[in-house]
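Trainee: I should like to take a close look at a single part of this model. Please keep to that part throughout.

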Amino acid sequence: MVSAEGPPLQRAGALIDVMDALPNALRARGHEVSVALPFYHEIRENRAFKKKDTGITVDVQVGDEIHVARYFEGRSANGVQLFLIRCDELFDRPGIYGERGKPYEDNAARFVFFCKAALELARRLTPQLQILHVHDWAAALVPVFVHAQGLPFNTVLTIHHVADQGSFWGLDFRLTNLPERFFTLHGVEFFGRLNFLKGGILYADRITTVSEHYRREILTPDGGCGLDVVLRENAHRLSAILDGADYTRWNPALDRLLPARYDAKRLGGKKICREALLEEMKLASAPGGPVFGMVTRVVREKGFEILVPLFDRLLWDDVRLIILGEGDPAYETALALAARKFPNRFAYQKDYDEKLAHLIQAGMDISLIPSRFEPAALSAMYNLKYGALPVARVTGGIQEIIEDYDPTTDSGYGFLCYEYSSDAFWDSVKRARQIFRDQRLWTKLMKRAMSRSFSWDVSAERYEALYREVAGETDKAAA
């Protein structure tokens, strides 16, 4: 697997969780899996993560420049083999894609190098790899290079977020060193620009995305972010495999990061976690209303444009709100100002902390998911397992994970909002707060939510079938 994000990076993000859990689930099914990612500054500074220099170096051409790739090896906490591609002039930086909300100006060169260096690694591994599974735009040129060089690999591209496409100036095409025929309508050119993701869509043997509803969304003009036409033309190679939750990491009955553990039959620990969370964040204890929480990227697509205007209405009541995450500086500033305005009721922490992330999951009563886009909705899976009932805007994987509470049929366990607006989301928040007053009913819904299971085993089985199909087609062609 080739990805710009993965363990041992420590930050909120669905892609990191996927790159931790999916390879491990495939290994459990008897497959040899390794992950290639850049050797970032954060990884270099991580003393707890053991890595060793393989001694292998390769010259990688990026346009007119030659960069040296050095390969390090390590293991994730789950034991998955990691290959770290080191090039300090490109990756020894504080951020992954940029800093303070601004992308690095040389991202095209950085990830052209990464794709080429990952392929050089793949060519040297023994036994020969069958599948190169690449994730999102930063690795999407790998299938293009495989095709251009006639390499003996099958390729699968997973689109986790179609809005991020790796779109750069047309002049950056020279960095790929590909023949000019690739910079056309039927190649990586898109409205005069170099588009990494389009290249992956055209040249991968198979394309997947992370939920059935998101697959349908990205085939529409509203959800495809400009690439919907390309995706519709290649829809016969596009399928959906719902992400799973890693219940070895995200399970309140097993979670070693919590002050008390609990499950659906023994809920006392959740109250202890709730109190510990409020104390940790220095918020007033024993609110009459619910504790709301979010562990997320603080960006527009996560719905902050409709959430921030609701802060006054929400926080004048006796509730608590905790948000953990970084992203757009404008929204970070808005959250910091709100935390100053309501110091006893709202706490915002920018820097990701694994222990705090788990404590928020366990300590909150209601999770807020106002997202504009939510491809897989992994956070919702975690929320349910920890008994945090979600208020969520319907998009992407949300519909496959959260069932709206219906008092007439006594079914469901969440509170869905079908319109992307502050008023519509506020109506769903009010509905949840109303139900919260009936603690007997609330406990019933919590137990119902906690019984839901979204195991990676099911997803890994579907990926395995896809891999066999792709590899089988190659075998037939060779015969």
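Which residues line the largest cavity?

Mentor: A word on the source comes before the cavity itself. This is a predicted model, in which local features need pLDDT of at least 70 and side-chain atom pairs count only at pLDDT 80 or more, whereas totals for chains, interfaces and linings use all residues. Residues are numbered from 1 along each chain as its sequence is written, and side-chain values use heavy atoms, with hydrogens and water left out.

A cavity is here a set of points, on a 1 Å grid over the protein atoms alone, where a 1.4 Å probe fits but cannot get out; lining residues have an atom within 4 Å of a point. Grid points are joined across faces, edges and corners, and a volume is the space filled by probe spheres set on the points. By this rule there are two cavities of 30 Å³ or more.

The largest cavity, with a volume of about 40 Å³, is lined by Leu 307, Leu 310, Phe 311, Leu 314, Leu 368, Phe 425, Trp 426 and Val 429. Two or more residues of this lining come from each of helix H11 (311-315) and helix H16 (422-436); helices are DSSP runs (H or I, at least four residues), numbered from the N terminus. H16 gives the most, with three residues.

By class, the lining of the largest cavity has eight nonpolar, no polar and no charged residues. In this scheme Ala, Val, Leu, Ile, Met, Phe, Trp, Tyr, Cys and Pro count as nonpolar, Asp, Glu, Lys and Arg as charged, and the others, Gly among them, as polar. The second largest cavity, of about 30 Å³, has four nonpolar, two polar and three charged residues in its lining, including Arg 11, Glu 42 and Arg 93.

Conventions: 1 Å grid on protein atoms, 1.4 Å probe; cavity = no way out; pocket = protein on both sides within 12 Å on 5 of 7 lines; lining within 4 Å.
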